[in-house]
Amino acid sequence: MSLQEPAVADPVSPLAPIAPAITGPKKKKRRPRRESWVAHDGTVIPAVHQTWRTALRKDWRLYSFLVLPLIFLLIFRYVPILGNVVAFRRFRPGGSMFGDEWVGLYYVKMFINDQQFWHAFSNTVVLGLLTLLIVFPLPIILALMLNEVRSRTFKRTIQTLSYLPHFMSIVIVAGIVFQLTSVNGTVNQIIEATGGSAITFMQEPSWFRTIYLTSEVWQTVGWGTILYLAALTTIDDQLYEASRIDGANRWQQTWHITLPGIRPTMIVLLILNIGTFMAVGFEKILLLSNPLIYSTADVISTYLYRVGIVSNSISYATAIGLFEALIGVALILSANAISKKTVGASLW
């Protein structure tokens with residue numbers, strides 16, 4: 001009996017076509033699971049990947065508080081953006097709320113050639129710069145001064161007195177300003193008592209900016225110190241102790257420790273103030289100004305009020321308002337980019 005050798009398959013010829021390999025569907029890459037951690041007693045606590053649906057289902061009571069603020073932002077902040085189309089359409093009272101006919105850049109060319117608008121624009125820039133240079137640094141200075149006060153009673157008294165004007169209505173503040181600066185007011189009484197003559201403050205354009213900035217400082221500086229005082233509490237006391245050991249005095253500690261510690265807060269507030277650079281206080285200026293001092297008191301917001309509401313030129317006022325908004329967006333984006341590159345602190 002002969003033994004038969006097992007049959008061996010013929011080797012595949014190198015010229016023979018090779019069937020393509022059948023591959024299944026590519027599997028999606030799973031997100032790496034979060035590592036678990038070990039508690040103090042040795043218990044392993046696995047990390048739980050929580051989706052937004054799970055979080056919403058778990059904490060729906062907390063998320064329900066966001067409903068009203070979101071509705072408010074939607075109705076009063078985002079829906080009115082649609083009305084900017086009126087800047088390119090002719091609006092007639094009683095017609096469509098989005099204008100009746102398309103006019104393109106007609107109203108844009110109109111305010112570009114309007115000298116009265118550019119006069120209000122220049123007043124807005126001057127008041128905005130003065131507010132930024134004078135009013136913005138004062139809360140920082142006041143917060144640093146209050147931080148050096150050791151008497152808690154005196155510190156709280158100063159804080160309370162400086163906060164109170166913020167809660168006053170603009171109408172009350174304007175009334176106080178009128179009473180102080182009138183011909184028979186307190187300021188003129190002091191001037192006459194020292195041998196001077198009474199000044200008609202609210203009828204002379206040269207005095208408006210001084211009066212406005214003074215009232216703005218009195219009303220806003222105290223309230224502005226709250227954020228800086230809160231930022232000062234986050235600075236580690238060990239830094240001051242180490243600097244005292246090295247022989248640093250109070251001025252050196254303030255310059256090298258305190259100011260760098262509150263620098264992120266300062267940068268964020270500065271960017272926000274630059275973003276509202278063109279929106280100089282409308283209510284206060286409207287209440288304090290009159291036709292005799294329009295040469296220095298008329299700003300874009302009051303000019304828009306007279307053109308849009310009083311004169312009923314809605315499309316023209318919308319074009320100016322859109323131009324002002326674009327300037328504000330450009331300013332806040334530029335300030336944020338410059339701050340991010342130079343200082344390293346920014347809003348986003």
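These are my notebook entries on a few helices and how they pack in this predicted model.

**Entry 1: the whole protein**

I began with the overall picture. I found 17 helices and four strands in the protein. Next I looked up burial: of the 348 residues, 29% are buried. I also checked how far apart along the chain the contacting residues lie. Among contacts with a separation of 6 or more, 61% are between residues 24 or more positions apart.

**Entry 2: helix α13 by itself**

Which residues form α13, and does its length make sense? I asked what span to expect for this helix. Helix α13 covers residues 263–275, which is 13 residues, and at 1.5 Å a residue it should span 18 Å. I looked up its end C-alpha atoms and they are 18 Å apart, so the expectation and the model agree.

Then I looked for buried positions in α13. I noted Ile267, Leu269, Ile271 and Ile274 as buried. What covers them? The cover includes α5, α10 and α17, the last of these being residues 314–342. That gave me my next two entries.

**Entry 3: α13 against α17**

I looked up how α13 and α17 pack. Their angle is about 155 degrees, and their axes are 8 Å apart. An angle over 145 degrees counts as roughly antiparallel, so I wrote α13 and α17 down as roughly antiparallel to each other. Their crossing is right-handed.

From α13, the contact uses Ile267, Ile271, Ile274 and Gly275. From α17, I listed Gly328, Leu331, Ile332, Ala335, Asn336 and Ser339. By type, this contact of α13 with α17 has six nonpolar residues, four polar and no charged. A nice link for me: Ile267, Ile271 and Ile274 were also on my buried list.

**Entry 4: α5 against α10**

Two other helices that help cover α13 are α5 and α10, and I wanted to see how they meet. Helix α5 is residues 115–135 and helix α10 is residues 208–232. They pack at an angle of about 40 degrees, with axes 11 Å apart. That angle makes α5 oblique to α10. The crossing of α5 and α10 is right-handed.

On the α5 side I found Asn123, Val126, Leu127, Leu130, Thr131, Ile134 and Val135. Facing them in α10 are Phe208, Arg209, Tyr212, Leu213, Glu216, Val217, Thr220 and Val221. Sorting the residues of this contact of α5 with α10 by type, I got ten nonpolar, three polar and two charged.

Terms used. Residues numbered from 1 in each chain as written. Predicted model: local features only at pLDDT ≥ 70, side-chain atom pairs only at ≥ 80, totals over all residues. Heavy atoms only, no water. Axes fitted to C-alpha atoms, helices over the stretch in contact; angles between N-to-C directions. Parallel < 35°, antiparallel > 145°, perpendicular 65-115°, else oblique. Left-handed = near helix turned anticlockwise from the far one by under 90°. Contact = heavy atoms within 4.5 Å. Nonpolar A, V, L, I, M, F, W, Y, C, P; charged D, E, K, R; others polar. Expected span 1.5 Å × (residues − 1). Buried < 20%, exposed > 50% of the residue type's maximum accessible area, 1.4 Å probe, protein only.
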